[in-house]
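Visitor: Please take me through this one, topic by topic.

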Amino acid sequence: MHVQTHIMSGWVLSNYLDLTPRERGFCMLAASLADLDGLSILFGQNAYWSYHHLLCHNLAFAIFFSSLLALRSTRRVRCFFIYLSLAHLHLLLDYFGSGPGWNIYYLYPFSRRSLFNPRAWDFYSWQNITAAMVLLVWTIGIVIRYGRTPLETVMPDLDRQIVAWLRRRLPTFAPRSPSAEHRSAPRSLP
């Protein structure tokens, strides 16, 4: 599945949990970090086919990065399980939406046994595009209703500008609560 879809899945779901802006940002990371192994493309096509879905699409990587993100979170144990769940959502989405020929080596590096979906959707299938569009519309709905974007932590000024722009163009959508709901001084990432 597309990286943008993974990022949006983490952010959309995080908006329905009692999390800080930083933790919502970490949810986006947790839902997308497995694709770090896609950087193997920098070493050529063969490296990409050998290591993408191997190095980071597994339980060990999910636990490791969920732990690191939880250490920087307010409620560490709760957030650890949220991040671990989102990492598994990534694996589930890739199981269905990465296209034929992509295995998930869930127990790597302890085992090379893999999960394979013979009916996986093509990467640019209507299913993947529909999932991305649904998440995009959902994201825009959250922006309008809650007054925050996925950029709330890393680019708070741009976040406010996007919210104001969308609300001017779609005035029928009133904020869920006073605009102070969003403006609780977003923390910056380390």
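Visitor: Which residues line the second largest cavity?
Guide: In this predicted model, the second largest cavity is lined by D94, Y95, G99, W102, I104, F116, N117 and A120. A cavity here is a set of points, on a 1 Å grid over the protein atoms alone, where a 1.4 Å probe fits but cannot get out, and a lining residue has an atom within 4 Å of a point. Local features need pLDDT of at least 70 and side-chain atom pairs count only at pLDDT 80 or more, whereas totals for chains, interfaces and linings use all residues. Residues are numbered from 1 along each chain as its sequence is written, and side-chain values use heavy atoms, with hydrogens and water left out.

Visitor: How much space lies in the second largest cavity, and how do its lining residues divide?
Guide: About 40 Å³, taken as the space filled by probe spheres set on grid points joined across faces, edges and corners. Its lining has five nonpolar, two polar and one charged residue, where Ala, Val, Leu, Ile, Met, Phe, Trp, Tyr, Cys and Pro count as nonpolar, Asp, Glu, Lys and Arg as charged, and the others, Gly among them, as polar.

Visitor: And the largest cavity, how much space lies there?
Guide: About 100 Å³, and of the 14 residues that line the largest cavity, A30, A34, F61, A62 and A87 are the closest to its centre. Helix 4 (59–71) and helix 5 (76–97) each give two or more residues to that lining, with helix 4 giving the most, five residues; helices are DSSP runs of H or I of at least four residues, numbered from the N terminus. The lining of the largest cavity comprises 10 nonpolar and four polar residues, with no charged ones.

Visitor: What lines the largest pocket?
Guide: M1, H2, V3, D35, G38, Y48, H52, H53, D94, S98, W102 and F123 do, around about 200 Å³ of space. A pocket, by contrast with a cavity, is an open set with protein on both sides within 12 Å along at least five of seven lines.

Visitor: Changing topic: is N128 buried or exposed?
Guide: N128, which sits in helix 6 (residues 126–146), is buried with a relative accessible area of 0%, buried being under 20%, exposed over 50% and partly exposed in between, for a 1.4 Å probe and protein chains only.

Visitor: What does N128 touch?
Guide: Leaving out residues up to four places away in sequence, N128 touches M1, H2, G97, W121, D122 and F123, contact being heavy atoms within 4.5 Å. A polar atom of its side chain lies 2.6 Å from the backbone oxygen of G97, and the side chain of N128 also reaches the backbone oxygen of D122 at 3.3 Å.

Visitor: How about Y16, where does it lie?
Guide: Y16 is in the loop between helix 1 (3–14) and helix 2 (21–32), and is partly exposed at 46% relative accessible area. Y16 touches W138, I142 and Y146, again not counting residues up to four places away in sequence. The side chains of Y16 and W138 make a polar contact at 2.8 Å, that is, a pair of N or O atoms within 3.5 Å, one able to donate a hydrogen and the other to accept it, with residues adjacent in sequence counting only if both atoms are side-chain atoms.

Visitor: Last one: how many disulfides are there?
Guide: Zero, a disulfide being a pair of cysteine sulfur atoms within 2.5 Å. The sulfur of C27 is too far for a bond, because the closest cysteine sulfur, in C79, is 6.9 Å away.
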